[in-house]
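Welcome! Let us take a friendly walk through a protein model together. Have a look at the sequence and the 3D view before reading on.

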Amino acid sequence: MEEDDVTIREQNFHSQVREYIICFLLFAVLYIVSYCIITRYKRKTDDQEDEDAVVNRISLYMCTFTLAMSGGAVLLLPFSIISNEILLSFPRNYYIQWLNGSLIHGLWNLVSLFSNLCLFVLMPFAYFFLESEGFAGSKKGIKSRVLETFVMLFLLGLLILGIVWVASALIDNDAASMESLYVCTPVGLSRMFTVMGQLLVKPTILEDLDDQIYCVTLQEEALQRRLNGSTSSHSRSHGNAHRLNKELDIVRDQRNKLERRKKASAWEKNLLYPIVMLILLTGTTISVLLVALNILYLLVDETAMPKGSTDRGLGNTSLSTFGVVQAVVEIVLMFYLMVSSVVGFYSLRVFEGLTPRKDDTTMTTIIGCCVSILVLSSALPVMSRTLGITRFDLLGDFGRFNWLGNFYIVLSYNLLFAVVTTLCLVRKFTSAIREELLKALGCQKASQDSSEVGTASSVRVCSVRTDWATHQYDPSVES
């Protein structure tokens with residue numbers, strides 16, 4: 001009997017050690033990838049080892065840890081779904097015995113714990129640490145800045161605690177909703193078409209690229225001559241030169257895009273672009289259809305409500321009607337929704353300033369980006385389950401939100417997501433038609449007005465517009 005107890009304790013010990021090793025390896029991979037991503041966008045600084053450099057390095061490590069946790073939150077549901085299907089397909093395989101419910105639950109709990117730690121401790125500490133200078137009258141150094149940072153965190157914690165206490169006294173906790181975290185997803189689904197259109201080469205239908213490149217080149221030369229004249233003349237203001245530089249950068253960027261379109265191969269212009277647009281449209285359509293189907297399930301079946309699970313069993317039943325194929329589709333849609341959420345977030349005017357730029361992003365902006373991505377990635381499992389993208393129950397703290405059991409909140413969010421996404425898509429695909437109709441109506445109105453005035457007046461208007469365009473791009477004309 002004692003030998004059996006020892007054997008069981010040894011098995012539990014080895015299982016725990018194995019789970020810790022697996023978690024550490026997964027985290028190490030995510031941390032390395034996150035570090036490479038952040039260093040790609042971080043603004044390059046001098047290699048001089050001073051106090052600010054040490055502070056920046058510490059903040060960089062905290063941001064890397066936060067971004068790694070964001071990646072872990074994104075991979076939670078896909079990894080769990082894949083593990084469930086693998087265990088169903090190979091229940092007796094010796095080499096996948098390490099893949100069990102205890103490991104999956106441990107990953108969910110760890111990601112939930114460290115996500116909260118990053119959001120409420122590490123990121124505020126990194127920001128205040130960057131902005132700190134030490135208390136007045138104290139000796140300058142890292143210790144003084146750390147002390148000031150902890151004091152600021154303590155005061156911030158008291159402030160947030162007071163606000164939450166007052167809000168909880170005025171508002172019912174059960175009626176709280178996290179729908180505000182998902183507003184940017186429908187916007188991102190429509191914005192994805194614009195982003196991919198900028199990255200890919202569009203087909204050249206009824207377009208003369210050589211003529212466009214020639215016109216843009218003339219504009220670039222005219223702006224360059226005006227800029228050279230403004231720098232040599234002391235009467236020109238510095239603001240005028242700055243404006244000319246911005247215009248010149250825009251024209252050069254436009255010329256580079258046109259030249260790229262001209263150099264692109266035929267298959268890239270005529271085949272790749274339509275295929276990618278069709279894939280995006282298919283993914284968005286499937287997402288909306290799944291949400292519509294989930295709305296019907298919510299109306300007729302109570303089990304469709306999102307809920308948390310404490311069952312550690314994994315590999316017992318398949319949660320996908322069509323097995324592995326549906327599981328793969330669900331995982332692809334989850335990644336698609338995550339990318340759309342990030343794109344939609346940076347497309348909002350309020351957060352455009354947080355858009356990272358290669359080798360030119362400050363640490364303060366990186367902290368803001370890491371916090372934003374952490375919030376979006378932490379909301380992804382809950383959003384995917386609430387919208388019915390997957391039937392996999394939420395594990396750990398992700399399934400303990402009170403509003404998950406509120407039928408009206410879940411139903412209203414599904415309706416809001418479906419309606420807003422549909423409206424964004426309709427607006428996106430009909431924008432070109434609306435612009436052409438407005439142009440046609442404007443031209444028709446202009447032609448009616450000109451016919452009343454007479455042919456001579458229309459000729460004068462055209463000559464005036466031509467003179468204005470010549471004056472606008474003539475480098476010899478003083479601005």
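## A first puzzle

How many residues apart in helix α11 are Tyr413 and Phe417? Keep that question in mind for a moment, and remember as you look that this is a predicted model.

The answer is four: Tyr413 and Phe417 both sit in helix α11, which covers residues 407-453, and because of that spacing about one helical turn separates them. Their rings form an aromatic pair with 6.3 Å from centre to centre. The planes of the two rings meet at 55°, and the pair is classed as tilted. Are these two residues buried or exposed? Both Tyr413 and Phe417 are buried.

## The overall layout

Now step back to the whole chain. The protein has 479 residues, and 35% of them are buried. Its elements are 12 helices and two strands. Starting from the N terminus, they come in the order α-α-α-α-α-α-α-α-β-α-α-β-α-α.

Contacts tell us how the chain folds back on itself. Taking the contacts with a separation of 6 or more, 82% are between residues 24 or more positions apart. On the outside, the protein exposes about 29000 Å², and carbon and sulfur atoms supply 64% of that area.

## How confident is the model?

The mean pLDDT of the protein is 75, and 75% of the residues reach 70 or more. Which elements have the lowest and the highest mean pLDDT? Helix α12 (residues 455-473) has the lowest, at 39, while α2 has the highest, at 89.

Two stretches deserve some care when you look at them. Over residues 171-181, pLDDT stays under 50, and the model has 18 contacts beyond four places in sequence for this stretch. Residues 446-479 also stay under 50, with 15 such contacts.

## Rings that link helices

Searching the whole structure turns up 10 aromatic pairs. One of them joins Phe65 and Phe114, whose ring centres are 5.8 Å apart. With 80° between the planes, this pair is edge-to-face. Phe65 belongs to helix α2 (residues 51-89) and Phe114 to helix α3 (residues 101-131), so the pair ties together parts that are 49 residues apart in sequence.

The two partners can also be described by their accessibility. Phe65 has a relative accessible area of 19%, so it is buried. Phe114 has 28% relative accessibility and therefore counts as partly exposed. Ring pairs also bring in further residues: Phe27, Tyr31, Phe65 and Phe114 are linked into a cluster.

## A glycine in helix α3

Helix α3 also holds Gly101. This residue counts as buried because its relative accessibility is 7%, and the cut-off for buried is under 20%. In sequence, Gly101 and Asn84 are 17 residues apart. In space, their C-alpha atoms are 9.0 Å apart.

## A nonpolar patch on the surface

Which residues form a nonpolar patch on the surface? They are Leu147, Val151, Met152, Phe154, Leu155 and Leu158, and together they have about 550 Å² of accessible area.

Take Leu147 as one of these residues. Leu147 lies in helix α4, which spans residues 142-170. Its relative accessibility is 49%, so Leu147 counts as partly exposed.

How values were computed: Residues are numbered from 1 along each chain as its sequence is written. This is a predicted model: local features need pLDDT of at least 70, side-chain atom pairs count only at pLDDT 80 or more; totals for chains, interfaces and linings use all residues. Side-chain values use heavy atoms; hydrogens and water are left out. Rings of Phe, Tyr and Trp (its six-membered ring) pair if their centres lie within 6.5 Å; planes under 30 degrees apart count as stacked, over 60 as edge-to-face and the rest as tilted. Buried means under 20% relative accessible area, exposed over 50%, partly exposed in between (1.4 Å probe, protein chains only). pLDDT is the predictor's confidence in each residue, from 0 to 100. Contact means heavy atoms within 4.5 Å. Accessible areas come from the Shrake-Rupley method with a 1.4 Å probe; for residues, only the protein chains shown count as cover. Patches are made of residues with over 30% relative accessible area and no salt bridge: like charges are joined within 9 Å, nonpolar side chains (Val, Leu, Ile, Met, Phe, Trp, Tyr) within 5 Å. A salt bridge is a side-chain nitrogen of Lys or Arg within 4 Å of a carboxyl oxygen of Asp or Glu.
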